[in-house]
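Let's take a walk through this structure together, one region at a time. Have your viewer ready, and follow along as we go.

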Amino acid sequence: MTDAKPFVEIRQARKCYGDLEVLKNISLKVNKGQIIAIIGPSGSGKSTLLRAINDLDPLTDGEVWLEDTQVNKKLPHKQYENHINKVRQNIGMVFQHFNLFPHLSVRENITLAPKMLKGISDAEADRLAEEQLEHVGLSDRIDYYPSQLSGGQKQRVAIARALAMQPKVMLFDEATSALDPELVEEVNLVMKRLAEEHMTMIIVTHEMAFAESVADRILFMDGGVVVEEGPPEQLFRAPKHERTKEFLAKHLRANALAPA
Amino acid sequence: MGLDLTVVPPFAGLILQGALWTIAITASAGVLSFFGGIGFAICALYAPAIIRYPIKAFAWLFMTTPLLLQLFLIYFGLVQIGIDIPAFFAGMIGLGLHFAVYNSDIIQTGILAIDKGQHEAGRTLGLSRGQTLRKIVIPQAVRDVVPPIGNNMIALLKDSALVSVIGVVELVHASQLAISETFRPFEFYLAAAACYYVVNLLLEFTLHRIERRIALTR
Ligand SMILES: Nc1ncnc2c1ncn2[C@@H]1O[C@H](COP(=O)(O)OP(=O)(O)OP(=O)(O)O)[C@@H](O)[C@H]1O
Ligand SMILES: [Mg+2]
């Protein structure tokens, strides 16, 4: 896989908020079907990096590429809007707080964007919603509203909503952090299913065990740089950098202290 | 003379007709104030400066001058420059725009209160800014502000009495016509008050139904 053309590529990404440099020259290549997990302490820039990929948080410097398209290419405003709206259809994103549309039913949450952007018929849209909901195990909730769902169910609908656009890559920003512990597993299972189907995924997570089980490669970020990266067995079992060791030790301790 | 309500029934038809006009002007001005309010709110928040500032100035004008004066201006003033609007429509426009300005303030607050994550979710799916506003943000904002908008609708119902001065034979005007024939102001103003009370109940019932309908979707 190493010589494959990267599917998603970040080149020398820099991001500043005023004087604060939150991403310092980060480069990253992700191959088709690869699963990358990004870990690191709070404020290290994980979300900022992830959100740069679909230009939700535009980079100050550097390039983001999806296949042969530069996501953040410089264009006049109007043209850029058209360009980015097209690009984003290929990049699914799942948020920590789900961000379902509360005024729309589960079905409508899933079909809104495909209907508006792909001009599919009502019947096709219904089929799409049913298909995606089956995929996340929520077929019986199609006519519910988000307020009637548990957190885990909401997140699974959010995943179905993103998948309904048939994205080429999926971004997850702490998809399970807002969930009660007993609801985490159902969302993880859906993500694992996606992994088995060779979806290209970039996952920001605080769950080391999950990262280890699902990712091909782990990135450890701290202070706006990628301190260390490698396959999970290497990064978790034999970290090279002092900061990685400290972070992992802290996490292990926190987990050991957590009530069972 | 005392109070003698038996003078009312012979004029029931007139009063009822007045009540219907009150309902008609409240409903049409209400619809105008609702959609106008959304339109003003969008312009005030998102339109380019050359549209935004004139709209804001216009809104400010409507906020700082009496509704009565606005009705006079629209009905008696505009004729002078060749714009002759029938009384009902002049009343509808005056009331509608006046309350649109108040609704706009409320709706703007509602739009700004929508979580940033809703915008992001829409944009991430590939929707444009306009599509995100139209399909995601504004429908939610409007749902959130149904109670204060409802209060404005009740105020609008009561202020609709003002269009009597430009000749619309709504409830107040109708009772005045009856009074001019019978010289019984107490009875007919009481009758008008009773009608307002009933129409108000209907309006509140409708608002309550709407609030219940949308409770699930918030
Ligand atoms: N809009 C903003 N304005 C200024 N600073 C910001 C903004 N957004 C993020 N930052 C800063 O950028 C840095 C990186 O933030 P980011 O959200 O990417 O961290 P993170 O690794 O995702 O943290 P967490 O694990 O808490 O989610 C932080 O120091 C944060 O305070
Ligand atoms: Mg984050």
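**From an enclosed helix to the interface**

This is a predicted model, and a good place to start is helix α1 (residues 46-53) of chain A, which is largely enclosed by the rest of the structure because seven of its eight residues are buried. The buried ones are Lys46(A), Thr48(A), Leu49(A), Leu50(A), Arg51(A), Ala52(A) and Ile53(A). Just past the end of α1(A), look for Asp55(A), whose phi is positive at about 65°.

Keep Arg51(A) in view, since this residue leads us across to the other chain: Arg51(A) forms a salt bridge with Glu120(B), with 2.6 Å between the closest N and O atoms. Glu120(B) counts as buried because its relative accessibility is 11%, under the 20% cut-off. Glu120(B) also pairs with Lys116(B) in a salt bridge, at 3.4 Å from N to O. Those two residues sit four apart in helix α5 of chain B, about one turn of the helix. Lys116(B), in contrast to its buried partner, counts as exposed at 59% relative accessibility. Through shared partners, salt bridges link Arg51(A), Asp57(A), Lys116(B) and Glu120(B) into one network.

Which residue of chain A meets Arg123(B) in a salt bridge? The partner is Glu81(A), at 2.7 Å from N to O. This pair also crosses between chains, running from helix α5 (residues 116-125) of chain B to helix α2 of chain A. Arg123(B) counts as buried, at 13% relative accessibility.

Now zoom out to the whole interface. Chain A contributes 26 residues to the contact and chain B contributes 23, and together the chains bury about 2,100 Å², 62% of it on carbon and sulfur atoms. Eight residue pairs make polar contacts across the interface. On the chain A side, the elements giving two or more residues are α2 (77-88), β6 (91-94), α3 (106-118) and α5 (151-163).

Next, move into chain B, to Thr22(B) in helix α1 (residues 12-46). Is this residue buried or exposed? Thr22(B) counts as buried, since its relative accessibility is 0%. Beyond its neighbours within four places in sequence, Thr22(B) is in contact with Leu157(B), Ser160(B), Glu170(B), Leu171(B) and Tyr196(B).

Our last stop is on the surface of chain B, where Leu3(B), Leu5(B), Phe186(B) and Leu190(B) form a nonpolar patch with about 390 Å² of accessible area together. Phe186(B) belongs to helix α9 (residues 185-215) and counts as exposed, at 51% relative accessibility.

Technical notes. Residues are numbered from 1 along each chain as its sequence is written. Chains are lettered from A and ligands numbered from 1 in the order in which they are written. This is a predicted model: local features need pLDDT of at least 70, side-chain atom pairs count only at pLDDT 80 or more; totals for chains, interfaces and linings use all residues. Side-chain values use heavy atoms; hydrogens and water are left out. Patches are made of residues with over 30% relative accessible area and no salt bridge: like charges are joined within 9 Å, nonpolar side chains (Val, Leu, Ile, Met, Phe, Trp, Tyr) within 5 Å. Accessible areas come from the Shrake-Rupley method with a 1.4 Å probe; for residues, only the protein chains shown count as cover. A salt bridge is a side-chain nitrogen of Lys or Arg within 4 Å of a carboxyl oxygen of Asp or Glu. Buried means under 20% relative accessible area, exposed over 50%, partly exposed in between (1.4 Å probe, protein chains only). Contact means heavy atoms within 4.5 Å. Buried area is the accessible area (1.4 Å probe) that two parts lose on being put together, summed over both. A polar contact is a pair of N or O atoms within 3.5 Å; within protein, one must be able to donate a hydrogen and the other to accept it, and residues adjacent in sequence count only if both atoms are side-chain atoms.
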